[in-house]
Amino acid sequence: MGLYLSPWDRNHAGYGEPEYLEAYRAQLGELLTGYGEIAEIWVDGANGGTGFYGGANEERRIDRRSYYRWPQTMGMVKELQPSTLIFSDAGPDIRWIGNERGFAGETNWSPITTRDITIGEADTEYLNAGDPMGEDWVVPLCDTSIRPGWFYHTDQDDRVKPPQELVDLYYRSVGRNCVLLLNIPPDQRGLFHENDVAALRETRSILDETFATDIAVGAEAGATSWRLGHPKFAPGNVVDGLAGTYWAAEDGALGGPVADGGAGEGVDTEVALELILPQVQEFDRILLQEPIRLGQRIASFSVEARIEGEWRRVAEATTIGHKRLLRIEPVRGDGLRITIRKARGTPALSTVGLYRASSREPVNAFQ
């Protein structure tokens, strides 16, 4: 159960005055003590404007940097329910991605530095890309609605996002190191409308079909660098089908400061991981995952496929994080090479997967 309580109350007579904070915190306190375990609380950047305010019907503005006293308010939330995750521009647990279209940046780091972020006045480009030098680990979340608006309207029943668009959203959010929150508004019956349900079911069916079979599992794996030569860090760990294992390069094999999200100075040495399949296979989707419990490190990489004995580049990108999904044009090959060019520390990967997209996926949607 997650709850969203906006700090801007357009009806409260005391909004804009210090006493309003007591009413807002009392609402938060009720929500966090009267309804069991609350997994997540949303706060937003709603910082005043026109409202009725107890009948005044006027415009009120506040100092968004100080009025809500967010450190104390969020401290109260954690005191009442320590495991509740707080979402806002600045987290502290989950961050807004900077838009309501559901898209993360092509480059997306989980860390940001929150101490200088004002909720409701954040740099949206910064939120969208994250910060490799960030001081705080704040999980990025993409939010959008299945309809043009956030609430149910009968005249939008025929404007539900089609499954192909929802699949594209999945690649641009989950496939870019994010959590996707898709808004589904209940109708006047308290139910999801049939059109929304149909779109969701078809979306799930398409994704299940695409990711049903990982043809990389069991491939022969090798790497130009292998930490200590120890089985714990072996290249084959990326294709063993286990989430907890990973490959890591030798310490110092690649590293250096990456201050601009992937284009900064690095080290000339590159690290490569190769997979050789037992036979030629057709694929057009590549899944990459870092062992995220060890942090996010990779800042720039390229991917090649071995086609008729020759290595040909099929993709290049910047960050990976918890999950990166690459869409490429279909190729028939028996090998994959991932060359890591820049990283913050020792590169490591937990999973490399290869898939063939469902025929129902969007066409010509490559990244």
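Helix α4, residues 163-173, is largely enclosed by the rest of the structure, because eight of its eleven residues are buried. The model is a predicted one. The buried positions of α4 are P163, L166, V167, D168, L169, Y170, Y171 and S173. An α-helix has 3.6 residues a turn, so residues three or four places apart point the same way. The cover over the buried residues of α4 includes the strands β9 (139-145), β10, β13 and β16, together with α5 (194-210).

Two of these covering elements, β13 and β16, also pair with each other. Strand β13 spans residues 271-289 and runs antiparallel to β16, residues 324-343, with 13 bridges between them. Within this pairing, L275 stands opposite L336 of β16. Strand β13 is further joined to β11 (residues 220-223), again in the antiparallel sense, by four bridges. Here A221 lies opposite L275 of β13. L275 is thus a point shared by both pairings, with A221 opposite it in one and L336 in the other. A third antiparallel partner of β13 is β18 (residues 351-355), to which five bridges connect it. In that pairing, Q289 has T351 of β18 as its bridge partner.

Strand β16 also contains T339. With a relative accessible area of 9%, T339 falls under the 20% limit and is therefore buried. Apart from neighbours within four places in sequence, the contacts of T339 are E270, V271, A272, S300, F301, S302 and E304. Of these contacts, V271 and A272 fall within the residue range of β13, 271-289.

The pockets of the model were examined next. The largest pocket holds about 670 Å³ of space. It is lined by 20 residues, and those closest to its centre are Y4, W42, D143, W150 and N183. Two elements, β1 (2-4) and β10 (179-183), each give two or more residues to this lining. The largest share, three residues, comes from β1. Strand β10 is also among the elements that cover the buried residues of α4. By class, the lining of the largest pocket comprises 13 nonpolar, three polar and four charged residues.

The second largest pocket encloses about 330 Å³ of space. Its lining is made up of 17 residues, of which W70, P71, T114, I117 and I119 are the closest to the centre. Sorted by class, the lining of the second largest pocket has seven nonpolar residues, five polar residues and five charged residues.

For the protein as a whole, five helices and 18 strands were assigned. Along the principal axes, the C-alpha atoms fill a box of roughly 75 × 45 × 35 Å. The protein has 367 residues, and 52% of them are buried. Among contacts with a separation of 6 or more, 73% are between residues 24 or more positions apart. The accessible surface comes to about 17,200 Å², and carbon and sulfur atoms account for 50% of it.

Technical notes:
Residues numbered from 1 in each chain as written. Predicted model: local features only at pLDDT ≥ 70, side-chain atom pairs only at ≥ 80, totals over all residues. Heavy atoms only, no water. 1 Å grid on protein atoms, 1.4 Å probe; cavity = no way out; pocket = protein on both sides within 12 Å on 5 of 7 lines; lining within 4 Å. Points joined across faces, edges and corners; volume = space filled by probe spheres on them. Nonpolar A, V, L, I, M, F, W, Y, C, P; charged D, E, K, R; others polar. Buried < 20%, exposed > 50% of the residue type's maximum accessible area, 1.4 Å probe, protein only. Contact = heavy atoms within 4.5 Å. Areas by Shrake-Rupley, 256 points an atom, 1.4 Å probe, with all protein chains shown as cover. Pairing = 2+ DSSP bridges.
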